[in-house]
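User: I'm a first-year student and I'd like a close look at one part of this model. Could you walk me through how the two domains of the first chain meet, and then place that meeting in the wider assembly?

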Amino acid sequence: MSKEQVSGEQITAPAALWKVSVSPHLKSRESVERIMWTVVACLVPPLILSVFIFGIQTLLITAVSVLSCVLVEAASQKALGRPVTVRDGSAVLTGMLLAFVIPPGVSPLLPILAAVFAIYIGKHLLGGIGYNFFNPALLGRAFLLASFPVAMTSAWLPPVEGFGIFAYFGASVDAVSTATPLAVLKEQGLAAFTEAFGSGASLYGSFFLGWRPGCIGETSGFLLVLGGLYLLYRGYITWHIPVSVVATVALLTWIFGGEGYFAGDPLLAVLSGGVLLGAIFMATDYVTSPTTRTAQLVYGFGIGALTVLIRLKGGYPEGICYAILLMNPLSTVLDGWFKPHRFAPPAGGGR
Amino acid sequence: MRDMITIVVRLTISCLLAASVMGLCFIFTSNAKKHNEHVKEQQVMYELLGYSGAAERPASLAMHELYRYVVSSGGRQSIGYLLPGAEGEEAGFLFVNIDLDGRLIASTPVALSAGDALEAEPRNRAIQAAAGPGASVTFADQTIVVTDGGERIAYLMGGKFQGFKTFIHLMLAVDPDFALIGFEVLEHEEDPGLGAEIVEGYFKNQFKGKPFTAIKTIDVVKAPIPDDYYKALTGKVGEEEILRFREQYKEKDIYALTGATISAKAVAMGVKGIVTKFAYRIDVLDRVLQEQQLATSF
Amino acid sequence: MNSLLTFPKGGVHPPESKEQTQGLAIEVMPLPDELELILSQHIGAPCTPTVAKRDVVAEGAVIGTVSKGLGVPLHAPAAGKIKDIGMSAHPVRVSAPSITLTVDREATPAAYPARDWQNLPTDELLARVAAAGIVGIGGAGFPTHVKLRPPADSPVDTLVLNGAECEPYITADHRQMLESPAEILTGARIILKILGIDSCHIGIERNKPDAITEMSRVVAEADQAGIVVRPLQVKYPQGSEKQLIQAITGRKVPAMALPSSVGVVVHNVGTAKAVYDAVALGKPLYEKVVTIAGQGIARPANLLVKVGTRVGDIVNYLGGLRPGLAKVVMGGPMMGFAVSTLDVPITKTTSAVLFLGEEEIDSNPHSQCIRCGWCLDACPMGLEPKEIGLYVEANRPAETAQFGVFDCFECGSCAYVCPAKRPLVQFVRLAKMKAKR
Amino acid sequence: MTNDKSPLQLISRGILSENPIFKLALSMCPAVGISTTVMNGILLGTAVLFVQVFSSVTISVFKNYIHPRIRIPTYTLTIATWVTVIDLVLAAYMPEAYAKMGIFVKLIVAFAIITMRLEMFACKESVNDSFWDGLGMGLGFMVGMVAIGLVRELLGSGAILGYDVLGFKPLLFFILPSAGFFVVGLMMAFFNWIEIYYKRRRGVQ
Amino acid sequence: MILDMSKRLILAALFVWLAPSFALAEGIIADQTFKAANEIVVTFAAPVDRAVVEEVNNYTVFEEPDPDIRLVLQQVALAGDGRTASLFFTEPLNTATTHVVRIRGLVGGETTFKVSKSYFGYLFGILISALLINNFVFTKYLGLCVFFGTSKKKTTAKGMGVVFTIVAVVSASMSWFLYNFVLIPFDLNFLQIVVFIGLTSLTVQAVDTILRKVNPVLFNSFGVFLVLVIANCVIIAIPLIMAGNGYNFFETFMLAIGAGGGFLLALYLMSSVSERLQLAKIPPTYKGLPIAFIVAGQFAMAFLGFSGLQLF
């Protein structure tokens, strides 16, 4: 090697015989597709369970959502003259997550509109994957919440009896709709909540397994945690964001969530809303979360704190969606504040 | 230096010019403004009472403004009412001061022109004079007694209470038995599509015709409105049907707005508070007026 | 806890792939017909030829010198006749000035009897190292004699001998440690003497247990206090100078500074062997142990070859190429250079020639950065490769200095882990180039 | 700046090539904030038109008496005067519309577009031209507001000018204030697209 | 054990934070506050006579504006320590208004005290509202020209935000004085707009002059923003809102700080995002302002999360 550097163009000049490229010549086996499809796979068990909780139409909603996200992604990439990369699974993942955060009783047409908004405006106009500032799925949800406030805040279904997965198929939602645990807690108080859902270990048990009203994919905490553990094992996510989100929600609910201080129910707070789904699968979205560990802890704390703030004092029963959306743009700021430790600064200050 | 003087002079002249333009405009518009504000208010009132056009209004209809003040004197509080005096009375208005237990403290005739009575400034001055030295008076609210040929047919009152986001400002009409005739939302900042539905007929009409007994214990239920009732509320059925439904749901609670229970509940509670308070007060006032043989225009 | 020594931040674990050659003894390759000696063998100033076309030279004769600047002389690896002074293929720069030598196969190989070095003064030892044309054998090829004369304001107290060999495939140092541990140790002692210190750490990754045993044995035999063998964790880039120093001594070399600023000098075990050859035998550096491996070569081997041997000659000697060859890399798979022709010659810094098959490389096209941050975790220098890449892609390379692009030594860890397969090292090189301008 | 433009050109410039909202990107607060209905657009547009025309004319009339060093304060004073006038008039005669537009009528005083036209045009040109220029700019603003209002009213409440056209509310989102950002952004992009498209076509010919 | 310790620590922190509301205590009443929907909790300075305190008929409770309407007490419970009494009412209380409680029969005859939400909380509420819930940029859509103009670089954004906050606070305070002591008494309210914009220009000019003399370095970095401040509608909106709501001085001050801080926050967020946006491959028709609008719209959507937030 010499002092004169060689330009990149020369390095990548086509080889006569063999491939010529810059070092390193080894690449790890991990790829974007692998990551995305693995996460999608981790979301399949909760989806299947949701069919047994809320009925078969959840599958339809998810399918519509995934399909429209993929189509919108392909169409936007075509329209913007970019390579079509629907195979990398990121649109499928967005579609899954989008379906997971809407109530099970809404019209299957809703996700189509959200997909246009989330994928085209939320992602591709900003430069495609990697350049969006907000989690597209949550942006889609926020759009739906603003456009169809009634459906998005009332189309909750009580878990089906036995295996009656076709019970809600084609039924009028008004007749069967119920309220989510958090909404009951917020609007009617603890007494009404206990009356509606019971209390104690059996309550936590059924909530953890998913037998409660809620968004399509948020209820089955058990399977979500299992999926999260697998992602942790694979090294696709680190513990920092999920743990800090869940811990903050639990801690702050314990302190402020009850009558007087330190009387809240931290376990219930974690199990009764979308905290687990949000903490494990939404907040850890690579593109919209910070990259350094300290920044991730602060980010998670911010999400947890905003979630509790919105739940206890805000206008919505559940705050995790907006909490993540509010923290998303801060991830760049946090990355700037908590830069990785350089190996060693230049002696005597540096340039 | 010369420059300075020119600048100052020219700036002064332009300021004066601007000020005169604005001043003139203010003078020309201020009266129209007052007039128009009042017209708008009256229009809401008439609509609440069920008169949509000026033509329908009977000539015998009269509105009597009733201003309530809180009077503090020597550490004791009392309630003062400014009432329009009976026809032909010299002073025009009457100031009735009632203590908190409903006993008359004093009643003073107040000389005030009808036009001045509508204006906050002169009215307050007159009340201050009537309440006597050492007393401080604070304007509380204003109610309108509607009479038709000397017979009371309704009361109109405003009210402001906390909604889901900010304040909701209502104008209410109740009949002499304090059954609700209806209400109009004057101001609100609720969410479009959710809380903002409080201005919609299907919500407002649920309150129509509720007797005082129902209003005293009113609450909201979180359930969808039955279909036929909804039709009746939105005026999609005949007049008789509407009345039948009104009768059927008279004593029942209000169906909450889907997704906006808090706004709906705020309105129900607000209406309840306004009406019960008013009912209590007008009873006290009427009793005092009767006991003391005080004549008023209503 | 000695066995767990490593640098704390970053690093990756690529498959080691050393099993192909680690059991193969170093084999002396017969002389080829021609040698092609590139005048610029290392970092610093290129040589000026001291011979003319058609001159006859003996083995070990000086054929190029450096008159000014940083550099070392070039020696004839074999007896023969200068065929040409012109251009030849170069692994990095496509072509470079060189001397071509027609080898005289009949000439008797030069003999280098052992000489006494123990009583020589430091200056003389240093002069011998300089005259032998030794450069750092591991990587960049920094002239060794310069390293052995640290600046007066930063006194050196520790010598670190680098036997980490963290790059996959390469086993050249491993074999040398197994086969000539005593020579390496003597080389280290010569270096210690030149530096006037007595503390020496020999760092070896744990995946070479036999080398650790062997080196420990000779160290014990020599019974010189201060020299210790330090087993290291297996982690790339353990063999990088700054990382190795931190792993062994805990000291951090500041950015833009030399190891001597923290009192440490690092030499490769191969360099120590070369120092031994030069000082104790008087043999200049013109031979090199090179690992030849990969699925694309008929017979992998650890070869002792003359500097200037063309890769093509090696291929012929080892029985030719195998189908499925996708890439020929001079050096390790993480930092080496891919070449497009077999005409390139071996230089003093070449430690391996790899013939990688289709399955051994990853040829997926790269996509947009998804900001997973894996490169931040992998970077041993604590930099932000993703940001550098994004700025270079947006055609704003000048602004990458804020992310420490000049601290990067292009180890390739970031590009290795990148799930989007982004050519981050190339981005870094472009950024360095443009930012310097 | 020499002026060789006819009134028509001055007006069309304000509406099209130098549209204050889409091209000059000035005065965007109301474009986002209260462009929920066409009516709001018309009303605020009228108010701006009034202020712009009267201020332009005023400055043009008095241009020889304005000392250059107090130029900006004079503009501000002039604009503030006319804003006060329109504020008072609206409050008096159109209380409902006034309530709808809220604080934005008063905020016309801080609109960069008006000051800019005074500085760039009215203080140099004749009264007549200033009038037409002000009219053009005001109309341009009004057209922009109406265009945004049209989209938002139609999509948000399914109505135009308060008349129910679609019979249902397609996307409530559009009457939410945050949608203003998206509608303005997308419309700006649309105008850019037209411009690029025409430039390319002209280039081809 | 640790739980207990942390509990105490957090309580101590809360105490310090809430301390101002304790300062309202007077005489024999140590503290009074709303608790549940229909409950008022009174803490006495010293243990009191249980018989007196628990007798419902000893109480008169009403909302301050309605002294004639007595609220019906259901029950009063005195805690074991003899100091903390809980007053339960039959109806939920309207906590937005001040409640007057009168107890007869305690030491000194009649004890009257007021229960209201902490005024500091209310002031803080104004601040939080202007900062987040009704953020001037993302939910009130004001100051957009300047917002989009100065949000391309973080340093510019910070400079603009800081200068803006200073000018906003100074000019709003001055406007408050002028409004309350000149415009209102002399019935010159119609001159509002002229006066407020004049004061703003004056403030900007003053800050300009002072900064130029006192700290030329700071002036060089911030001076350019001063001109832009006048063109920012937020600066004129603050006094207008103040006048519209009849705020007192503290409220005006909080509003100005909240508005300035909210503008700074919005600028900072937007600029950090725009720096990233400049690296992205934006479609050509969207380059520049259109995409900035769309990003700002996404911010506005995220800020919808704060809607309906009621901290105090």
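Analyst: Let's begin right at the seam. In this predicted model, 4 residue pairs are in polar contact across the interface of domain 1 of chain A and domain 2 of chain A, with both partners at pLDDT 80 or more. Which elements of chain A each supply at least two residues of the domain 1 side? They are helix H2 (32–54), helix H3 (57–79), helix H4 (90–100) and helix H6 (136–147). H2(A) gives the largest share of that side, with 13 residues. Sorted by kind, the residues on the domain 1 side come to 25 nonpolar, 7 polar and 2 charged.

Salt bridges are another thing to look for here, and between domain 1 of chain A and domain 2 of chain A the count is 0. The two domains bury about 2800 Å² between them, and carbon and sulfur atoms give 77% of that area.

Where do these domains sit along the chain? The domain assignment places domain 1 of chain A at 32–154 and domain 2 of chain A at 179–337. Contact between them takes 34 residues from domain 1 and 33 residues from domain 2. If you draw a line from one C-alpha centre to the other, domain 1 of chain A and domain 2 of chain A lie 21 Å apart.

For another chain divided into domains, turn to chain B. Its assignment gives domain 1 (1–57), domain 2 (61–149) and domain 3 (162–281). The C-alpha centres of domain 2 of chain B and domain 3 of chain B lie 31 Å apart.

Now let's step outward from the seam inside chain A to the neighbours of that chain. There are 8 pairs of chains in contact, and chains A and C share the most contacts of these. On the chain A side 52 residues take part, and they meet 77 residues of chain C. About 5600 Å² is buried between chain A and chain C, 58% of it on carbon and sulfur atoms.

How many salt bridges does the rule find across the interface of chain A and chain C? There are 4. In one salt bridge, C:Asp407 partners A:Arg342, and their closest N and O atoms are 3.9 Å apart. That value falls inside the limit of 4 Å used for a salt bridge. Alongside the salt bridges, 19 residue pairs are in polar contact between chain A and chain C, both partners being at pLDDT 80 or more.

You have already met H2(A) at the domain seam, and here it returns: helix H1 (8–11) and H2 of chain A are the elements that give two or more residues to the side of chain A that touches chain C. The largest share of that side comes from H1(A), with 3 residues. By kind, the chain A residues that touch chain C divide into 24 nonpolar, 17 polar and 11 charged.

Chain C also has a contact with chain E. This one takes 6 residues from chain C and 4 residues from chain E. Chain C and chain E bury about 540 Å² between them, with carbon and sulfur atoms giving 47%. The rule finds 0 salt bridges across this interface, and 1 residue pair in polar contact, both at pLDDT 80 or more. The chain C residues touching chain E are made up of 3 nonpolar, 1 polar and 2 charged.

Some chains do not touch chain C. Chain B and chain C are joined by no contact, and their closest C-alpha atoms lie 36 Å apart. No contact joins chain C and chain D either, with the closest C-alpha atoms 22 Å apart.

Let's finish with a salt bridge inside chain C. Over all chains the structure holds 48 salt bridges, and one of them joins C:Arg310 and C:Glu34, whose closest N and O atoms are 3.2 Å apart. Why does this pair tie together parts that are 276 residues apart in sequence? It does so because C:Arg310 lies in the loop between strand S14 (301–306) and helix H8 (311–317) of chain C, while C:Glu34 belongs to strand S2 (residues 34–38) of chain C.

Key. Residues numbered from 1 in each chain as written. Chains lettered and ligands numbered in written order. Predicted model: local features only at pLDDT ≥ 70, side-chain atom pairs only at ≥ 80, totals over all residues. Heavy atoms only, no water. Contact = heavy atoms within 4.5 Å. Buried area = accessible area lost by both parts, 1.4 Å probe. Salt bridge = Lys/Arg side-chain N within 4 Å of Asp/Glu carboxyl O. Polar contact = N/O pair within 3.5 Å; in protein donor to acceptor, adjacent residues only side chain to side chain. Nonpolar A, V, L, I, M, F, W, Y, C, P; charged D, E, K, R; others polar. Domains from an automatic or database assignment. Helix = DSSP H or I, 4+ residues; strand = E, 2+ residues; numbered from the N terminus.
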